[in-house]
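Subject: Structure handover

Hello,

Below is the structure I said I would pass on. My notes on it follow.

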Amino acid sequence: AVDGGPGVAIDPVAPGGAAEPAQPRTEPGTEPVPLPEPLPGPEPLPEPEPDPLPMPVEPPGFAVGTVIQLIDVSDPAAPVIVQSTEIEGNHVSTRVVDGVARVVIASYPQPPVAFDAPVSSDDPASAVEEAVAGTAVEDWLPSVRTVSASTSPAATTTSEGTAVECEDVLVPEVHAGLAETSILRVDFEDGFDPSDTTTIVADAGTVYASANTLYVAATRFVSPAVQGDVAAEDWSTAIHAFDLRGDGPAAHVGAGEVPGTVLDQYS
């Protein structure tokens with residue numbers, strides 16, 4: 001190298017005519033120290049096993065009107081369905097007292113063969129009676145299926161049947177429709193048990209409840225053929241009372257009839 005002045009180093013010209021770049025000067029012992037290799041990160045956590053969901057694989061053999069699901073939310077980030085109940089009928093209302101829900105369901109019998117009986121027969125009543133005799137109890141009662149989860153999908157349990165036994169259906173003297181009103185007891189800790197169901201043959205128009213008693217009020221049934229001839233003051237309302245105390249099904253404790261109709265939920 002040729003000294004080109006203080007602090008400047010001039011390299012000789014390379015054979016090709018281009019100057020070689022100057023190399024930085026380093027003092028002895030000041031060579032760059034290589035950086036250490038980065039430490040390995042933590043091992044990735046295994047993917048969590050999905051919780052078994054108590055949802056049925058096959059659809060039920062009846063028309064599902066209401067689905068009641070009991071969900072464990074102890075871990076808000078991962079709620080788990082622990083029980084799923086499908087019941088034939090429409091949800092009317094629900095009341096909750098001390099961690100127990102009373103779910104009111106209205107269903108209608110589904111025996112089409114009985115209503116398809118030939119009305120042109122000389123004896124329609126006998127034709128309908130014969131058709132009804134050919135139906136099964138299951139055709140007249142609301143069906144229900146409950147699926148409960150377990151620690152493994154193989155241990156998940158499923159129960160199917162009717163929401164109530166035929167001999168346990170209450171038939172009041174005051175006729176208030178052909179609907180079957182069922183009151184289901186759903187415990188937030190134990191879930192739903194079909195044996196905790198009370199069913200009465202009556203429409204469920206309006207539901208009221210206190211801490212101890214649930215009331216179902218429905219306009220008394222009048223045949224559509226004569227409804228136009230019934231004066232407003234001649235309509236009446238049937239009221240049924242159910243005791244909510246106790247650990248079993250709601251007990252039917254009283255029924256009555258009052259003149260007039262219920263205006264709305266708040267009156």
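I183 is paired with T198 of β11. This is a predicted model, and the pairing just named belongs to a set of seven bridges between β10 (residues 180-187) and β11 (residues 191-201), two strands that run antiparallel. Within that set, S182 has T199 as its bridge partner in β11. The link from β10 to β11 is a hairpin of three residues.

On its other pairing, β10 meets β6 (residues 100-107), again in the antiparallel sense, over eight bridges. There V104 has I183 as its bridge partner in β10. I183 therefore has a bridge partner in β11, T198, and is also the partner of V104.

These strands belong to an open sheet of five, ordered β5-β6-β10-β11-β9, with mixed pairing. The edge positions are taken by β5 (90-97) and β9 (169-170); each has a single partner strand, so one side of each has no neighbour in the sheet.

Is β10 mostly covered or mostly open? It is mostly covered, with eight of its eight residues buried. In a regular strand, side chains alternate between the two faces of the sheet. In β10, E180, S182, L184 and V186 point one way, while T181, I183, R185 and D187 point the other way. Both sets are buried, and both include charged-type residues by name: E180 in one, R185 and D187 in the other.

One backbone angle should be noted. D98 sits in the loop between β5 and β6. Its phi is positive, about 55°, although D98 is not a glycine. Most residues other than glycine have a negative phi. D98 is exposed, because its relative accessible area is 78%, and the cut-off for exposed is over 50%.

The second sheet to look at is also open and has four strands, in the order β12-β13-β14-β15, with antiparallel pairing. Its edges are β12 (206-209) and β15 (251-259); each has a single partner strand, so one side of each is left without a neighbour in the sheet. From one strand to the next, the twist averages 20°. Inside this sheet, β13 (residues 213-219) and β14 (residues 236-243) run antiparallel and are joined by seven bridges. T219 has T237 as its bridge partner in β14.

Which residues form a nonpolar patch on the surface? They are Y215, I239 and V258, with about 220 Å² of accessible area together. I239 lies in β14. I239 counts as partly exposed because its relative accessible area is 31%, which falls between the 20% and 50% limits.

For the whole chain, the totals are as follows.

- The protein has two helices and 15 strands.
- Of its 267 residues, 32% are buried.
- The exposed area is about 17300 Å², of which carbon and sulfur atoms supply 57%.
- Of the contacts between residues at least 6 apart in sequence, 53% join residues at least 24 apart.

Regards

Key: Residues numbered from 1 in each chain as written. Predicted model: local features only at pLDDT ≥ 70, side-chain atom pairs only at ≥ 80, totals over all residues. Heavy atoms only, no water. Pairing = 2+ DSSP bridges. Axes fitted to C-alpha atoms, helices over the stretch in contact; angles between N-to-C directions. Buried < 20%, exposed > 50% of the residue type's maximum accessible area, 1.4 Å probe, protein only. Contact = heavy atoms within 4.5 Å. Areas by Shrake-Rupley, 256 points an atom, 1.4 Å probe, with all protein chains shown as cover. Patch = residues over 30% accessible without salt bridge, like charges linked within 9 Å, V, L, I, M, F, W, Y side chains within 5 Å. Salt bridge = Lys/Arg side-chain N within 4 Å of Asp/Glu carboxyl O.
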